[in-house]
Amino acid sequence: MPSNRSSSKLKHVLCLAQTTICLSLAMHLYGQQPFECNGTIYRVLEQQGGTTLQELVLTDNESSIEREDLFFFKARRFNAIGFRRIDGRVYGLQLGENYTLISFDASYRVEELDVISALPSNLLFVAADITPDDRYLVVFGYS
């Protein structure tokens, strides 16, 4: 017959195992949602009060481009975005007193990754892309 001490330890281990399973399941269910980016063109458009993420779509006869607003990031100024295949996230710059490297997933949850102090403050950004090896965000701008 097991002692009360052994039984108590077993209960703690089982409780810890159940907690770990629940947390793992919750992280899986509420984790990052990758973008589906099979030739899709996204852009960010800074507007009063924030930034709109848009999808650009060529019409069937390819004579024009239609814009679909996907999400409005209130009180955020994003620019120069690129899609990273390896994790299905969009990366870009948040403009402000300091530039901040950001990323977001298909549920539009923004993660601020790092402040970038090496960029000149007078640059205007026009485009960005992720390098083919998925290691760098290349930003195009001018002053």
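**Exercise 1. Register and connection of β2 and β3**

Task: Identify the residue of β3 that stands opposite T52, then describe how the two strands are joined.

Solution.
Step 1. T52 has F72 of β3 as its opposite residue. The structure examined here is a predicted model.
Step 2. A second point of register is given by L58, which faces I65 in β3.
Step 3. These positions belong to strand β2, residues 50-58, and strand β3, residues 65-74, which pair in the antiparallel sense over nine bridges.
Step 4. The connection between β2 and β3 is a hairpin with six residues between the strands. Within the turn, E62 has a positive phi of about 55°.

**Exercise 2. The sheet that contains this hairpin**

Task: Determine the strand order of the open sheet that includes β1, and explain why one side of β1 and one side of β3 are left without a neighbour in the sheet.

Solution.
Step 1. The order is β1-β2-β3, an open sheet of three strands with antiparallel pairing.
Step 2. Because β1 and β3 stand at the edges and have a single partner strand each, one side of each lacks a neighbour in the sheet.
Step 3. From one strand to the next, the twist averages 30°.

**Exercise 3. The four-stranded sheet**

Task: State which strands stand at the edges of the open sheet formed by β4, β5, β6 and β7.

Solution.
Step 1. The four strands are arranged in the order β4-β5-β6-β7, and their pairing is antiparallel.
Step 2. β4 and β7 are the edge strands, each of them pairing on one side only.
Step 3. In this sheet the average twist from one strand to the next is 25°.
Step 4. For the pairing of β4 with strand β5 (residues 89-94), five bridges are found, in the antiparallel sense. Within this pairing, N79 stands opposite L93 in β5.

**Exercise 4. Composition of the largest nonpolar core**

Task: List the residues of the largest nonpolar core and state which strand supplies the largest share.

Solution.
Step 1. The core has 11 residues in all: F35, Y42, V44, L53, F73, F78, I81, F83, V90, I102 and F104.
Step 2. At least two residues of this core come from each of β1 (41-47), β4 (78-84) and β6 (99-104).
Step 3. The largest share is that of β4, with three residues.
Step 4. The surroundings of one core member, F83, can then be listed. Leaving aside residues up to four places away in sequence, F83 touches F35, C37, G88, R89, V90 and I130.
Step 5. Another core, of six residues, lies apart from the largest one; A80, L93, Y99 and A128 are among its members.
Step 6. A general tendency may be set beside this result: nonpolar side chains in soluble globular proteins tend to be buried together.

**Exercise 5. Aromatic pairs around F73**

Task: Classify the ring pairs that F73 forms with F104 and with Y108.

Solution.
Step 1. There are six aromatic pairs in the count.
Step 2. The pair of F73 and F104 is tilted, with 4.9 Å from centre to centre and 50° between the planes. F73 lies in strand β3 and F104 in strand β6, so that the pair links distant parts of the chain, 31 residues apart.
Step 3. Both F73 and F104 are buried.
Step 4. For F73 and Y108, the ring centres are 6.3 Å apart and the planes stand at 75°; the pair is therefore edge-to-face. Because F73 is in strand β3 and Y108 is in the loop between β6 and β7 (110-116), this pair ties together parts 35 residues apart in sequence.
Step 5. The relative accessible area of F73 is 3%, so F73 is buried. Y108 counts as partly exposed because its relative accessibility is 21%, whereas buried requires a value under 20%.
Step 6. F71, F73, F78, F104 and Y108 are linked into a cluster by ring pairs.

**Exercise 6. The chain as a whole**

Task: State how many helices and strands the protein chain contains and what percentage of its residues is buried.

Solution.
Step 1. The protein chain has one helix and nine strands. Along the sequence they follow the pattern α-β-β-β-β-β-β-β-β-β.
Step 2. Of the 143 residues in the protein chain, 26% are buried.
Step 3. The accessible surface comes to about 10,300 Å², and carbon and sulfur atoms account for 54% of this surface.
Step 4. Among contacts between residues at least 6 apart in sequence, 36% join residues at least 24 apart.

Note on methods:
Residues numbered from 1 in each chain as written. Predicted model: local features only at pLDDT ≥ 70, side-chain atom pairs only at ≥ 80, totals over all residues. Heavy atoms only, no water. Core = buried A, V, L, I, M, F, W, Y, C linked by side-chain atoms within 4.5 Å. Buried < 20%, exposed > 50% of the residue type's maximum accessible area, 1.4 Å probe, protein only. Contact = heavy atoms within 4.5 Å. Pairing = 2+ DSSP bridges. Axes fitted to C-alpha atoms, helices over the stretch in contact; angles between N-to-C directions. Areas by Shrake-Rupley, 256 points an atom, 1.4 Å probe, with all protein chains shown as cover. Phe/Tyr/Trp six-rings, centres within 6.5 Å; stacked < 30°, edge-to-face > 60°.
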